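Please open the structure in a viewer and keep the sequence panel visible. The tour below proceeds by selections, each followed by an account of what is found there.

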Amino acid sequence: LDGSHGRKLLLEAVDLDHPERKQGKGKGGAEKAPPPASEEDDDEDEEDERERLREERKREKREKKHKASSGEGKGKSHHGHHHHSHHRDDEEDDHKHKPSHSKKKHKIDHDDDDDDEGAYGGTTHSGVIEGLLMMLTSPDPTEKAKAAAALCNICSETDENRELVVQQGGLPSLIDMLVNPSPEVPFMQSAAAACICNLAANVNSKEYIADSGALKVLVDVLSSDNQAAGAQAAGALWSLCVDNDSNKQRVADAGAIIPLIALLNSVDTFAQSQSAGALSECSIRNDTNKRLISEHGAIVPLVKMLNSSDLSVQRLASCALCNVCANHEGNKRQARLVGALPVLVRLISASQVPEVLSPVAGAICNLSMKCPENKAEFVQLGAVPILQQLVASPIPSLHGNALAALEQLEDA
């Protein structure tokens with residue numbers, strides 16, 4: 001998780017498209033959400049202003065393209081890929097592997113612009129956010145839920161929008177939607193939790209959100225019968241923990257570990273991946289959480305998830321094993337006893353997906369470090385020649401993790 005995972009929701013009546021967020025979609029075929037209310041009644045002026053802003057954005061994009069084609073300026077990095085990092089964990093030599101969400105941009109067909117960015121591809125006019133925040137307080141539950149979904153999308157890519165929603169008081173309404181969902185709108189809790197997930201991607205808001213009461217409410221949703229909302233709540237807890245050691249402990253203290261582990265056994269792959277991501281993040285630099293995660297039985301379902309046909313599940317289960325076993329002798333032993341090692345070697349030999357191979361190599365590294373029994377088994381299973389091939393990868397994360405794992409096994 002690179003701290004900005006850009007969660008987008010799919011609602012049937014709203015022209016959004018995100019194949020990984022189907023759990024959050026509405027089933028009632030409700031009408032498309034009306035435009036946000038303006039503080040003034042002059043709708044024509046507001047429409048003129050929106051049109052002017054659209055034209056300015058188009059002109060700026062054309063100018064940027066012209067500069068790029070003439071070699072001027074520096075290109076922006078796009079995050080339409082999985083970002084992995086491998087660092088030293090704590091003060092020892094194990095690697096920390098930070099899983100990421102797939103971050104894809106999707107268009108909303110709002111005008112004839114054929115540019116690559118959608119309506120919510122960048123910073124949104126503050127009046128739009130203000131209008132959506134007003135909709136969050138509407139007595140109409142469908143309108144509230146659609147406003148939460150729209151805010152979720154608006155906050156998927158820019159910190160400025162995330163901060164604006166928090167600063168203008170959007171959080172209490174989102175929390176209220178989690179506490180008091182409408183039975184008429186099944187996607188209400190999912191939309192609210194997903195929106196909080198994106199708000200928490202802003203490093204400056206993480207502790208504020210945790211202090212707001214959202215933490216306990218998210219754990220309650222996680223433990224509820226609404227599995228779709230529970231999966232989104234797991235994602236929000238994951239987001240709160242990224243690069244925030246205090247929240248990692250607070251999430252555990254709020255009782256999230258056991259329901260997160262229960263979600264690993266879901267038949268829904270999105271729920272599995274979100275819970276694995278949250279457990280993975282909670283375990284980084286936190287030995288207490290590592291112990292709790294293993295004691296409550298997470299390692300067995302994580303190993304089972306390595307055999308999933310879903311690439312996100314494979315990737316995030318590998319990340320979780322990598323981090324849960326880092327610097328923890330007991331967890332390394334337990335992983336070996338439940339049969340994790342041959343499954344990891346089989347996956348690293350069969351997969352051709354770098355986003356999966358990188359965390360698998362990281363897991364082999366961490367499971368081998370300071371554990372002679374695991375090293376010997378990995379060598380016997382034939383991991384060394386496979387890692388030797390992967391070291392040649394031009395992808396930095398895969399090259400680095402494969403090299404680190406190889407160094408461990410060559411010492412065996």
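**A buried serine and its surroundings**

Begin by selecting Ser239, in what is a predicted model. With a relative accessible area of 1%, Ser239 is buried, since the cut-off for that class is under 20%. The residue belongs to helix H9, which covers residues 227-241. Now add Cys197 to the selection: its backbone oxygen is reached by the side chain of Ser239 at 2.8 Å.

**A second serine, for contrast in exposure**

Select Ser126 next, in helix H2 (residues 126-136). Is this serine buried, exposed or partly exposed? Ser126 has a relative accessible area of 33% and is therefore partly exposed, as values between 20% and 50% are assigned to that class. Add Asn161 and display the C-alpha atoms: the two residues, Ser126 and Asn161, are separated by 35 residues in sequence and by 8.2 Å in space, C-alpha to C-alpha.

**Helices H12 and H13**

Select residues 269-283, which form helix H12, together with residues 287-295, which form helix H13. Their axes lie 7 Å apart, and the helices pack at an angle of about 140°. H12 and H13 are therefore oblique to each other, because an angle has to be over 145 degrees to count as roughly antiparallel. To view the contact, show the side chains of Leu279, Cys282 and Ser283 on H12, and of Asn289, Lys290 and Ile293 on H13. By class, this contact of H12 with H13 comprises three nonpolar residues, two polar and one charged.

**Helices H17 and H19**

Move to helix H17 (residues 340-350) and helix H19 (residues 372-380). Here the packing angle is about 40°, with the axes 10 Å apart. H17 and H19 are therefore oblique to each other, because roughly parallel would require an angle under 35 degrees. Viewed as a pair, H17 and H19 form a right-handed crossing. The residues to display on H17 are Leu341, Pro342, Leu344 and Val345, which meet Asn374, Glu377 and Phe378 of H19. Five of the residues in the contact of H17 with H19 are nonpolar, one is polar and one is charged.

**The whole chain**

Finally, clear the selection and display the entire protein chain. Its secondary structure consists of 21 helices and two strands. Of its 412 residues, 55% count as buried. Where contacts join residues at least 6 apart in sequence, 71% of them link residues at least 24 apart.

Conventions:
Residues numbered from 1 in each chain as written. Predicted model: local features only at pLDDT ≥ 70, side-chain atom pairs only at ≥ 80, totals over all residues. Heavy atoms only, no water. Axes fitted to C-alpha atoms, helices over the stretch in contact; angles between N-to-C directions. Helix = DSSP H or I, 4+ residues; strand = E, 2+ residues; numbered from the N terminus. Parallel < 35°, antiparallel > 145°, perpendicular 65-115°, else oblique. Contact = heavy atoms within 4.5 Å. Nonpolar A, V, L, I, M, F, W, Y, C, P; charged D, E, K, R; others polar. Buried < 20%, exposed > 50% of the residue type's maximum accessible area, 1.4 Å probe, protein only. Polar contact = N/O pair within 3.5 Å; in protein donor to acceptor, adjacent residues only side chain to side chain. Left-handed = near helix turned anticlockwise from the far one by under 90°.
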